[in-house]
Amino acid sequence: MNVISLSPVDLTIAAALVIVVAMLQWRMRLGNTKSLLIAATRTILQLLLLGMVLKIVFAASNLYWIALLSTIMLLAAGREVMVRQKRRFIGSWGFLLGTSSMFVSAFSITLLALLVIVQPEPWYLPQYSIPLLGMLLGNTLNGITLGLDSLTRNVWEQNSIIDGRLALGETWSNAISDIRRDSIRVGMIPIINAMSVAGLVSLPGMMTGQILAGTPPLEAVKYQILIMFLIAAGTGMGTITAIVIGCRRLFDDRERLRLDRLR
Amino acid sequence: MSDLLIKNLRSSTPGLTIQGLKALDLVLHGTEITVLHGPSGSGKSLLLRAIADLDPSSGEVWLGNESRVSMKAHEWRKRVCYLPTESAWWFETVGEHFPRCDSIYFTRLGFEDDVLNWKITRISSGEKQRLALARCLSRSPDVLLLDEPTASLDEQRTVLVEEIVSDYSKHRNVPVLWVSHDRKQIKRIAHRLITIDSDGCIEELTEKKN
(Lines give C-alpha, C1' and ligand atoms only; values in the text may rest on other atoms or scores of the structure.)
Protein backbone atom coordinates (compact mmCIF):
# COMPACT_ATOMS: atom_id res chain seq x y z
CA MET A 1 0.00 0.00 0.00
CA ASN A 2 1.29 3.42 -0.92
CA VAL A 3 1.16 6.40 1.39
CA ILE A 4 -1.20 9.12 0.21
CA SER A 5 1.11 12.04 -0.45
CA LEU A 6 0.16 15.33 1.18
CA SER A 7 -0.10 18.38 -1.03
CA PRO A 8 0.91 21.91 0.07
CA VAL A 9 -2.83 22.75 0.12
CA ASP A 10 -3.44 20.02 2.72
CA LEU A 11 -0.78 21.47 5.02
CA THR A 12 -2.07 24.99 4.45
CA ILE A 13 -5.53 23.97 5.69
CA ALA A 14 -4.00 22.52 8.88
CA ALA A 15 -1.88 25.65 9.33
CA ALA A 16 -4.97 27.82 8.92
CA LEU A 17 -6.51 26.08 11.93
CA VAL A 18 -3.53 27.04 14.09
CA ILE A 19 -3.80 30.61 12.85
CA VAL A 20 -7.49 30.65 13.81
CA VAL A 21 -6.54 29.66 17.36
CA ALA A 22 -3.84 32.32 17.42
CA MET A 23 -6.32 34.97 16.30
CA LEU A 24 -8.79 33.85 18.94
CA GLN A 25 -6.12 34.15 21.60
CA TRP A 26 -5.20 37.58 20.35
CA ARG A 27 -8.79 38.85 20.22
CA MET A 28 -9.57 37.48 23.69
CA ARG A 29 -6.31 38.91 25.05
CA LEU A 30 -5.24 35.54 26.41
CA GLY A 31 -1.59 36.20 25.71
CA ASN A 32 0.58 33.36 24.45
CA THR A 33 -0.24 34.18 20.80
CA LYS A 34 3.38 34.83 20.08
CA SER A 35 4.70 31.60 21.57
CA LEU A 36 2.08 29.57 19.70
CA LEU A 37 3.05 31.12 16.37
CA ILE A 38 6.76 30.81 17.08
CA ALA A 39 6.35 27.14 18.05
CA ALA A 40 4.30 26.45 14.90
CA THR A 41 6.90 28.15 12.71
CA ARG A 42 9.65 26.20 14.45
CA THR A 43 7.78 22.98 13.71
CA ILE A 44 7.70 23.76 9.98
CA LEU A 45 11.33 24.81 9.72
CA GLN A 46 12.81 22.17 12.02
CA LEU A 47 10.88 19.28 10.49
CA LEU A 48 11.67 20.39 6.92
CA LEU A 49 15.32 20.65 7.90
CA LEU A 50 15.20 17.24 9.56
CA GLY A 51 13.52 15.77 6.49
CA MET A 52 16.36 17.00 4.30
CA VAL A 53 19.03 15.90 6.78
CA LEU A 54 17.47 12.47 7.17
CA LYS A 55 17.40 12.05 3.39
CA ILE A 56 21.16 12.52 3.36
CA VAL A 57 21.82 10.46 6.50
CA PHE A 58 19.62 7.59 5.33
CA ALA A 59 21.40 7.52 2.02
CA ALA A 60 24.87 7.58 3.58
CA SER A 61 24.09 5.33 6.60
CA ASN A 62 27.38 6.40 8.11
CA LEU A 63 27.94 6.02 11.86
CA TYR A 64 29.71 9.38 12.17
CA TRP A 65 26.86 11.26 10.55
CA ILE A 66 24.43 9.55 12.87
CA ALA A 67 26.58 10.35 15.92
CA LEU A 68 26.76 13.98 14.84
CA LEU A 69 23.01 14.22 14.34
CA SER A 70 22.42 12.53 17.73
CA THR A 71 24.71 15.01 19.46
CA ILE A 72 22.89 17.93 17.91
CA MET A 73 19.56 16.45 19.01
CA LEU A 74 20.88 16.00 22.56
CA LEU A 75 22.24 19.55 22.81
CA ALA A 76 18.99 20.98 21.47
CA ALA A 77 17.04 18.95 24.03
CA GLY A 78 19.36 20.12 26.82
CA ARG A 79 18.87 23.73 25.83
CA GLU A 80 15.12 23.25 25.74
CA VAL A 81 15.09 21.78 29.28
CA MET A 82 17.06 24.80 30.48
CA VAL A 83 15.03 27.59 28.93
CA ARG A 84 11.72 26.13 30.06
CA GLN A 85 12.62 26.41 33.77
CA LYS A 86 11.25 29.39 35.62
CA ARG A 87 14.04 29.04 38.18
CA ARG A 88 17.12 27.29 36.97
CA PHE A 89 20.53 26.41 38.30
CA ILE A 90 23.09 29.12 37.69
CA GLY A 91 26.21 28.58 35.65
CA SER A 92 26.91 25.52 33.55
CA TRP A 93 24.74 23.42 35.90
CA GLY A 94 21.62 24.87 34.30
CA PHE A 95 22.51 23.25 30.99
CA LEU A 96 24.54 20.24 32.08
CA LEU A 97 22.10 18.83 34.66
CA GLY A 98 19.31 18.20 32.14
CA THR A 99 21.63 17.33 29.27
CA SER A 100 23.67 14.75 31.17
CA SER A 101 20.54 13.17 32.65
CA MET A 102 19.11 12.80 29.15
CA PHE A 103 22.40 11.44 27.88
CA VAL A 104 22.49 8.80 30.60
CA SER A 105 18.91 7.70 30.11
CA ALA A 106 17.89 8.27 26.49
CA PHE A 107 21.20 7.28 24.90
CA SER A 108 21.77 4.14 26.93
CA ILE A 109 18.22 2.92 26.37
CA THR A 110 18.41 3.62 22.64
CA LEU A 111 21.65 1.66 22.48
CA LEU A 112 20.10 -1.22 24.39
CA ALA A 113 17.07 -1.22 22.09
CA LEU A 114 19.25 -1.24 18.98
CA LEU A 115 21.83 -3.78 20.11
CA VAL A 116 19.69 -6.23 22.06
CA ILE A 117 16.04 -5.82 21.14
CA VAL A 118 15.45 -4.64 17.56
CA GLN A 119 18.90 -5.59 16.18
CA PRO A 120 18.81 -3.92 12.76
CA GLU A 121 21.69 -4.55 10.37
CA PRO A 122 23.95 -2.57 10.90
CA TRP A 123 22.93 -1.77 14.45
CA TYR A 124 23.00 1.98 13.83
CA LEU A 125 20.74 1.78 10.77
CA PRO A 126 19.45 5.38 10.72
CA GLN A 127 15.86 4.41 9.82
CA TYR A 128 15.70 2.84 13.28
CA SER A 129 18.27 4.65 15.41
CA ILE A 130 17.27 8.25 14.68
CA PRO A 131 13.50 7.91 15.27
CA LEU A 132 14.10 5.78 18.38
CA LEU A 133 16.49 8.29 19.87
CA GLY A 134 14.19 11.13 18.89
CA MET A 135 11.19 9.63 20.62
CA LEU A 136 13.18 8.84 23.75
CA LEU A 137 14.80 12.27 23.90
CA GLY A 138 11.51 14.06 23.30
CA ASN A 139 9.71 12.23 26.09
CA THR A 140 12.61 12.23 28.54
CA LEU A 141 12.91 15.95 27.93
CA ASN A 142 9.31 16.38 29.01
CA GLY A 143 9.76 14.40 32.19
CA ILE A 144 12.98 16.12 33.17
CA THR A 145 11.61 19.58 32.39
CA LEU A 146 8.48 19.05 34.49
CA GLY A 147 10.40 17.39 37.31
CA LEU A 148 13.13 20.01 37.54
CA ASP A 149 10.65 22.85 37.25
CA SER A 150 8.66 21.37 40.12
CA LEU A 151 11.83 20.87 42.16
CA THR A 152 13.22 24.37 41.79
CA ARG A 153 9.84 26.09 42.16
CA ASN A 154 8.93 24.17 45.30
CA VAL A 155 12.33 24.63 46.90
CA TRP A 156 12.10 28.34 46.20
CA GLU A 157 8.62 28.62 47.68
CA GLN A 158 9.18 26.28 50.62
CA ASN A 159 12.70 27.35 51.53
CA SER A 160 11.64 28.30 55.07
CA ILE A 161 10.34 24.77 55.65
CA ILE A 162 13.57 23.18 54.41
CA ASP A 163 15.53 25.65 56.51
CA GLY A 164 13.40 24.91 59.56
CA ARG A 165 13.95 21.19 59.15
CA LEU A 166 17.69 21.72 58.82
CA ALA A 167 17.68 23.88 61.94
CA LEU A 168 16.12 21.00 63.88
CA GLY A 169 19.05 18.80 62.91
CA GLU A 170 17.56 16.86 60.01
CA THR A 171 19.85 15.71 57.22
CA TRP A 172 19.65 17.58 53.92
CA SER A 173 18.25 14.49 52.27
CA ASN A 174 15.46 14.24 54.82
CA ALA A 175 14.71 17.95 54.69
CA ILE A 176 14.02 17.85 50.94
CA SER A 177 12.51 14.35 50.79
CA ASP A 178 8.89 15.45 50.24
CA ILE A 179 9.79 17.82 47.44
CA ARG A 180 12.07 15.25 45.83
CA ARG A 181 9.35 12.61 45.82
CA ASP A 182 6.78 15.04 44.41
CA SER A 183 9.10 16.25 41.66
CA ILE A 184 9.84 12.73 40.45
CA ARG A 185 6.13 11.97 40.47
CA VAL A 186 5.38 15.12 38.45
CA GLY A 187 8.03 14.16 35.89
CA MET A 188 6.50 10.71 35.47
CA ILE A 189 2.87 11.87 35.10
CA PRO A 190 2.87 12.31 31.29
CA ILE A 191 4.21 8.85 30.46
CA ILE A 192 1.99 7.17 33.07
CA ASN A 193 -1.01 8.97 31.58
CA ALA A 194 0.05 8.02 28.07
CA MET A 195 0.42 4.35 29.00
CA SER A 196 -2.89 4.32 30.89
CA VAL A 197 -4.98 5.66 28.03
CA ALA A 198 -3.01 4.16 25.14
CA GLY A 199 -5.44 2.42 22.83
CA LEU A 200 -8.45 3.40 24.91
CA VAL A 201 -8.46 7.12 24.31
CA SER A 202 -5.45 7.91 22.22
CA LEU A 203 -3.85 6.13 19.32
CA PRO A 204 -0.16 6.81 20.00
CA GLY A 205 1.59 8.86 17.34
CA MET A 206 4.10 6.29 16.24
CA MET A 207 1.52 3.54 15.84
CA THR A 208 -0.70 5.91 13.91
CA GLY A 209 2.18 6.65 11.60
CA GLN A 210 2.97 3.00 11.02
CA ILE A 211 -0.67 2.13 10.32
CA LEU A 212 -0.96 5.06 7.93
CA ALA A 213 2.14 3.73 6.19
CA GLY A 214 0.49 0.33 5.75
CA THR A 215 1.96 -1.80 8.57
CA PRO A 216 -0.43 -4.50 9.83
CA PRO A 217 -2.04 -3.24 13.08
CA LEU A 218 -0.64 -5.99 15.30
CA GLU A 219 2.91 -5.34 14.14
CA ALA A 220 2.38 -1.65 14.85
CA VAL A 221 1.00 -2.53 18.30
CA LYS A 222 4.06 -4.56 19.20
CA TYR A 223 6.33 -1.70 18.23
CA GLN A 224 4.20 0.74 20.16
CA ILE A 225 4.36 -1.37 23.33
CA LEU A 226 8.12 -1.59 22.98
CA ILE A 227 8.39 2.16 22.51
CA MET A 228 6.08 2.93 25.43
CA PHE A 229 8.18 0.78 27.77
CA LEU A 230 11.42 2.26 26.51
CA ILE A 231 10.00 5.74 26.99
CA ALA A 232 8.76 4.92 30.49
CA ALA A 233 12.18 3.55 31.42
CA GLY A 234 13.99 6.50 29.83
CA THR A 235 11.74 9.10 31.43
CA GLY A 236 11.97 7.40 34.81
CA MET A 237 15.73 7.06 34.79
CA GLY A 238 16.29 10.53 33.36
CA THR A 239 13.92 12.22 35.80
CA ILE A 240 15.28 10.37 38.82
CA THR A 241 18.87 11.16 37.81
CA ALA A 242 18.14 14.85 37.25
CA ILE A 243 16.11 15.27 40.44
CA VAL A 244 18.51 13.38 42.70
CA ILE A 245 21.54 15.29 41.41
CA GLY A 246 19.57 18.55 41.42
CA CYS A 247 18.58 18.05 45.07
CA ARG A 248 22.19 17.43 46.08
CA ARG A 249 23.30 20.54 44.22
CA LEU A 250 20.88 22.67 46.26
CA PHE A 251 22.89 21.93 49.41
CA ASP A 252 26.57 22.54 50.07
CA ASP A 253 29.08 20.39 51.94
CA ARG A 254 27.75 21.67 55.29
CA GLU A 255 24.18 20.70 54.30
CA ARG A 256 23.04 24.30 53.98
CA LEU A 257 20.24 25.15 51.57
CA ARG A 258 21.87 27.26 48.84
CA LEU A 259 19.15 29.19 47.03
CA ASP A 260 21.89 31.37 45.57
CA ARG A 261 22.59 28.44 43.24
CA LEU A 262 19.26 29.12 41.57
CA ARG A 263 18.06 32.17 39.76
CA MET B 1 26.89 20.24 78.84
CA SER B 2 29.78 22.42 77.77
CA ASP B 3 30.59 25.98 76.88
CA LEU B 4 30.15 27.28 73.37
CA LEU B 5 33.26 28.98 72.06
CA ILE B 6 32.88 31.42 69.18
CA LYS B 7 36.08 32.63 67.56
CA ASN B 8 36.20 35.35 64.95
CA LEU B 9 32.84 34.33 63.48
CA ARG B 10 31.51 36.29 60.55
CA SER B 11 28.47 35.45 58.42
CA SER B 12 29.29 35.33 54.72
CA THR B 13 25.80 34.72 53.34
CA PRO B 14 25.83 35.50 49.63
CA GLY B 15 23.89 38.69 48.98
CA LEU B 16 23.01 39.25 52.65
CA THR B 17 26.29 40.32 54.17
CA ILE B 18 25.86 43.27 56.46
CA GLN B 19 28.29 46.07 55.82
CA GLY B 20 30.68 46.59 58.69
CA LEU B 21 29.38 43.72 60.84
CA LYS B 22 32.32 42.89 63.07
CA ALA B 23 33.48 39.37 63.68
CA LEU B 24 32.12 37.80 66.83
CA ASP B 25 34.31 36.50 69.64
CA LEU B 26 32.31 35.11 72.49
CA VAL B 27 32.19 32.34 75.04
CA LEU B 28 28.74 31.19 76.12
CA HIS B 29 28.80 29.40 79.44
CA GLY B 30 26.49 26.57 80.43
CA THR B 31 23.53 27.65 82.61
CA GLU B 32 23.93 31.25 81.41
CA ILE B 33 21.42 33.16 79.34
CA THR B 34 23.16 35.68 77.13
CA VAL B 35 20.85 38.23 75.55
CA LEU B 36 21.65 39.67 72.13
CA HIS B 37 20.11 43.05 71.58
CA GLY B 38 20.14 45.57 68.74
CA PRO B 39 18.06 47.35 66.10
CA SER B 40 16.38 45.26 63.42
CA GLY B 41 18.61 44.71 60.42
CA SER B 42 21.77 44.77 62.50
CA GLY B 43 22.44 41.10 61.83
CA LYS B 44 21.34 39.34 65.02
CA SER B 45 19.57 36.54 63.21
CA LEU B 46 22.46 36.20 60.79
CA LEU B 47 24.81 35.68 63.72
CA LEU B 48 22.59 33.00 65.22
CA ARG B 49 22.28 31.29 61.84
CA ALA B 50 26.04 31.45 61.37
CA ILE B 51 26.60 29.79 64.75
CA ALA B 52 24.15 27.01 63.83
CA ASP B 53 25.98 26.63 60.50
CA LEU B 54 22.81 27.37 58.55
CA ASP B 55 24.56 30.09 56.55
CA PRO B 56 28.12 30.09 55.23
CA SER B 57 30.47 31.80 57.65
CA SER B 58 34.15 32.25 58.43
CA GLY B 59 35.68 31.65 61.83
CA GLU B 60 35.44 28.81 64.30
CA VAL B 61 32.86 27.50 66.72
CA TRP B 62 33.59 24.92 69.41
CA LEU B 63 31.24 23.02 71.66
CA GLY B 64 33.47 22.15 74.61
CA ASN B 65 36.49 20.60 72.98
CA GLU B 66 34.66 19.52 69.83
CA SER B 67 35.04 21.73 66.81
CA ARG B 68 32.09 22.42 64.55
CA VAL B 69 33.89 21.13 61.47
CA SER B 70 34.72 17.86 63.21
CA MET B 71 31.11 16.74 63.09
CA LYS B 72 28.52 16.43 60.37
CA ALA B 73 26.48 19.59 59.86
CA HIS B 74 23.16 17.99 60.82
CA GLU B 75 24.67 16.57 64.02
CA TRP B 76 25.96 20.02 64.90
CA ARG B 77 22.53 21.56 64.36
CA LYS B 78 20.86 18.86 66.40
CA ARG B 79 23.11 19.87 69.31
CA VAL B 80 23.24 23.62 68.63
CA CYS B 81 19.60 24.34 67.95
CA TYR B 82 18.50 27.55 66.24
CA LEU B 83 14.88 28.50 66.89
CA PRO B 84 13.69 31.06 64.30
CA THR B 85 11.01 33.62 65.14
CA GLU B 86 8.75 32.25 62.42
CA SER B 87 8.56 28.49 62.80
CA ALA B 88 8.02 26.16 59.86
CA TRP B 89 5.48 23.32 59.92
CA TRP B 90 5.22 20.82 57.09
CA PHE B 91 3.07 17.89 58.21
CA GLU B 92 -0.69 18.03 58.65
CA THR B 93 -0.89 17.66 62.42
CA VAL B 94 1.22 18.91 65.32
CA GLY B 95 2.11 15.43 66.56
CA GLU B 96 3.85 14.36 63.36
CA HIS B 97 6.48 17.01 63.99
CA PHE B 98 7.58 15.43 67.24
CA PRO B 99 9.96 12.47 67.15
CA ARG B 100 8.77 11.24 70.54
CA CYS B 101 5.31 11.85 71.89
CA ASP B 102 6.32 12.17 75.54
CA SER B 103 7.29 15.81 75.41
CA ILE B 104 6.79 17.06 78.94
CA TYR B 105 6.86 20.59 77.60
CA PHE B 106 3.30 20.47 76.25
CA THR B 107 1.76 20.59 79.70
CA ARG B 108 4.25 23.08 81.00
CA LEU B 109 3.54 25.34 78.03
CA GLY B 110 -0.18 25.17 78.74
CA PHE B 111 -1.36 22.62 76.18
CA GLU B 112 -3.76 19.71 76.69
CA ASP B 113 -2.81 16.21 75.60
CA ASP B 114 -4.90 16.40 72.44
CA VAL B 115 -2.56 19.06 71.03
CA LEU B 116 -0.81 16.31 69.08
CA ASN B 117 -3.91 15.90 66.92
CA TRP B 118 -4.32 19.59 66.17
CA LYS B 119 -4.24 20.63 62.53
CA ILE B 120 -1.36 22.96 61.69
CA THR B 121 -3.64 25.21 59.62
CA ARG B 122 -5.75 25.98 62.68
CA ILE B 123 -3.17 26.97 65.27
CA SER B 124 -2.47 30.62 66.04
CA SER B 125 0.91 32.33 65.77
CA GLY B 126 1.29 32.36 69.55
CA GLU B 127 0.53 28.63 69.78
CA LYS B 128 2.96 28.00 66.93
CA GLN B 129 5.69 29.83 68.77
CA ARG B 130 5.20 27.83 71.98
CA LEU B 131 4.93 24.55 70.07
CA ALA B 132 8.10 25.39 68.17
CA LEU B 133 9.94 25.79 71.47
CA ALA B 134 8.55 22.45 72.66
CA ARG B 135 9.67 20.84 69.39
CA CYS B 136 13.15 22.30 69.79
CA LEU B 137 13.51 21.24 73.45
CA SER B 138 12.12 17.76 72.81
CA ARG B 139 15.22 17.09 70.70
CA SER B 140 17.42 17.78 73.73
CA PRO B 141 19.87 20.28 72.23
CA ASP B 142 23.10 21.20 74.03
CA VAL B 143 22.94 24.88 73.08
CA LEU B 144 19.88 27.06 72.47
CA LEU B 145 19.93 29.91 69.95
CA LEU B 146 16.56 31.62 70.38
CA ASP B 147 15.49 34.32 67.94
CA GLU B 148 12.82 36.40 69.71
CA PRO B 149 11.07 33.31 71.06
CA THR B 150 8.33 35.30 72.76
CA ALA B 151 7.54 37.80 69.98
CA SER B 152 3.92 36.64 69.53
CA LEU B 153 3.14 35.82 73.17
CA ASP B 154 1.24 37.71 75.84
CA GLU B 155 3.00 38.65 79.05
CA GLN B 156 1.86 35.63 81.04
CA ARG B 157 3.04 33.14 78.39
CA THR B 158 6.23 35.12 77.91
CA VAL B 159 7.16 34.65 81.55
CA LEU B 160 6.24 30.97 81.28
CA VAL B 161 8.59 30.49 78.32
CA GLU B 162 11.36 32.35 80.17
CA GLU B 163 10.99 30.00 83.13
CA ILE B 164 11.01 26.87 80.99
CA VAL B 165 14.10 27.96 79.08
CA SER B 166 16.02 28.97 82.17
CA ASP B 167 15.10 25.69 83.91
CA TYR B 168 16.26 23.76 80.86
CA SER B 169 19.48 25.74 80.83
CA LYS B 170 20.13 25.26 84.54
CA HIS B 171 19.29 21.56 84.76
CA ARG B 172 21.23 20.55 81.71
CA ASN B 173 24.02 23.07 81.94
CA VAL B 174 23.06 24.46 78.54
CA PRO B 175 24.21 27.88 77.26
CA VAL B 176 21.46 30.06 75.77
CA LEU B 177 21.82 32.91 73.30
CA TRP B 178 18.54 34.84 73.25
CA VAL B 179 17.63 37.68 70.89
CA SER B 180 15.27 40.11 72.59
CA HIS B 181 14.01 43.68 72.16
CA ASP B 182 12.00 43.80 75.34
CA ARG B 183 13.73 45.84 78.08
CA LYS B 184 11.69 44.24 80.84
CA GLN B 185 12.44 40.78 79.54
CA ILE B 186 16.15 41.53 79.32
CA LYS B 187 16.10 42.60 82.95
CA ARG B 188 14.34 39.39 83.94
CA ILE B 189 16.47 36.85 82.10
CA ALA B 190 19.85 38.23 81.08
CA HIS B 191 22.98 37.07 82.84
CA ARG B 192 24.92 38.89 80.18
CA LEU B 193 23.86 41.46 77.59
CA ILE B 194 25.49 41.90 74.22
CA THR B 195 24.48 44.67 71.83
CA ILE B 196 24.99 45.17 68.15
CA ASP B 197 24.54 48.73 66.93
CA SER B 198 23.45 49.68 63.44
CA ASP B 199 27.10 49.96 62.32
CA GLY B 200 27.61 46.33 63.27
CA CYS B 201 29.75 46.99 66.34
CA ILE B 202 29.39 44.23 68.89
CA GLU B 203 29.81 45.14 72.53
CA GLU B 204 29.26 43.46 75.84
CA LEU B 205 27.45 45.89 78.11
CA THR B 206 26.76 44.64 81.59
CA GLU B 207 26.66 41.76 83.94
CA LYS B 208 23.09 42.01 85.09
CA LYS B 209 22.57 39.07 87.39
CA ASN B 210 24.61 36.95 89.79
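Analyst: A residue counts as buried if 20 or more other C-beta atoms lie within 10 Å of its own, exposed if 12 or fewer, and partly exposed in between, with C-beta atoms placed from the backbone. This is a predicted model: local features need pLDDT of at least 70, side-chain atom pairs count only at pLDDT 80 or more, and totals for chains, interfaces and linings use all residues. Residues are numbered from 1 along each chain as its sequence is written, while chains are lettered from A and ligands numbered from 1 in the order in which they are written.

User: What makes Asp113(B) count as buried or exposed?

Analyst: Asp113(B) has 9 C-beta neighbours inside 10 Å. Exposed means 12 or fewer, so Asp113(B) counts as exposed. Asp113(B) sits in the loop between α3 (105–108) and α4 (125–138) of chain B. Helices here are DSSP runs of H or I with at least four residues, strands are runs of E with at least two, and both are numbered from the N terminus. Leu24(B) is 89 residues from Asp113(B) along the chain, and their C-alpha atoms are separated by 42 Å.

User: Why is Ser152(B) called partly exposed?

Analyst: Ser152(B) has 17 other C-beta atoms within 10 Å. That count falls between the two cut-offs, so Ser152(B) is partly exposed. Ser152(B) lies in the loop between β7 (143–147) and α5 (155–172) of chain B. Beyond four places in sequence, Ser152(B) is in contact with Ser125(B), Gly126(B) and Gln129(B). Contact means that C-beta atoms, placed from the backbone, lie within 7 Å. Asp25(B) is 127 residues from Ser152(B) in sequence and 30 Å away in space, C-alpha to C-alpha.

User: How do you know how compact chain B is?

Analyst: Chain B has a radius of gyration of 17 Å, taken over C-alpha atoms. The globule rule is 2.2 Å times the number of residues to the power 0.38. For 210 residues the rule gives 17 Å, so chain B is as compact as a globular protein of that length. Its C-alpha trace spans about 45 × 40 × 35 Å along the principal axes. Chain B has 6 helices and 10 strands, and buried residues make up 40% of its 210 residues.

User: What span is expected of α4(B), and what does the helix reach?

Analyst: The expected span is 1.5 Å times one less than the number of residues. α4(B) has 14 residues and reaches 20 Å from its first C-alpha to its last, close to the 20 Å expected. Just after α4(B), Ser140(B) takes a positive phi of about 50°.

User: Which elements do the buried residues of α4(B) pack against?

Analyst: They pack against β6 (80–83), α3 and α5 of chain B. The buried residues include Gln129(B), Leu133(B) and Cys136(B). Gln129(B) is also one of the contacts of Ser152(B). Cys136(B) touches Cys81(B).

User: What makes the largest nonpolar core a core?

Analyst: A nonpolar core is a set of buried Ala, Val, Leu, Ile, Met, Phe, Trp, Tyr and Cys residues joined through C-beta atoms within 7 Å. The largest one has 89 residues. Leu136(A), Ile51(B), Cys81(B), Leu145(B) and Trp178(B) touch the most other members. Helix α5 (residues 126–157) of chain A supplies the largest share, 11 residues. Cys81(B) touches residues of both chains, among them Ala167(A), Val143(B) and Leu145(B). In soluble globular proteins, nonpolar side chains tend to be buried together.

User: Why is α1(A) called hardly covered?

Analyst: Among its 20 residues, the count of buried residues is 0. The helix (residues 8–27) reaches 28 Å, close to the 28 Å expected. Arg29(A), just after α1(A), takes a positive phi of about 55°. Across the 263 residues of chain A, 32% count as buried. Chain A has 10 helices and 0 strands.

User: How do you know where domain 1 of chain A ends, and what is the class of its side touching domain 2?

Analyst: The bounds come from an automatic or database domain assignment. It gives domain 1 (1–60) and domain 2 (62–261). Their C-alpha centres lie 25 Å apart. In contact are 7 residues of domain 1 and 10 residues of domain 2. The domain 1 side has 7 nonpolar, no polar and no charged residues. Nonpolar covers Ala, Val, Leu, Ile, Met, Phe, Trp, Tyr, Cys and Pro; charged covers Asp, Glu, Lys and Arg; the others, Gly among them, are polar.

User: What makes up the side of chain A that touches chain B?

Analyst: It divides into 4 nonpolar, 4 polar and 7 charged residues. In contact are 15 residues of chain A and 20 residues of chain B. Helix α6 (residues 159–167) of chain A gives the most to that side, with 6 residues.

Definitions and conventions
Contact = placed C-beta atoms within 7 Å.
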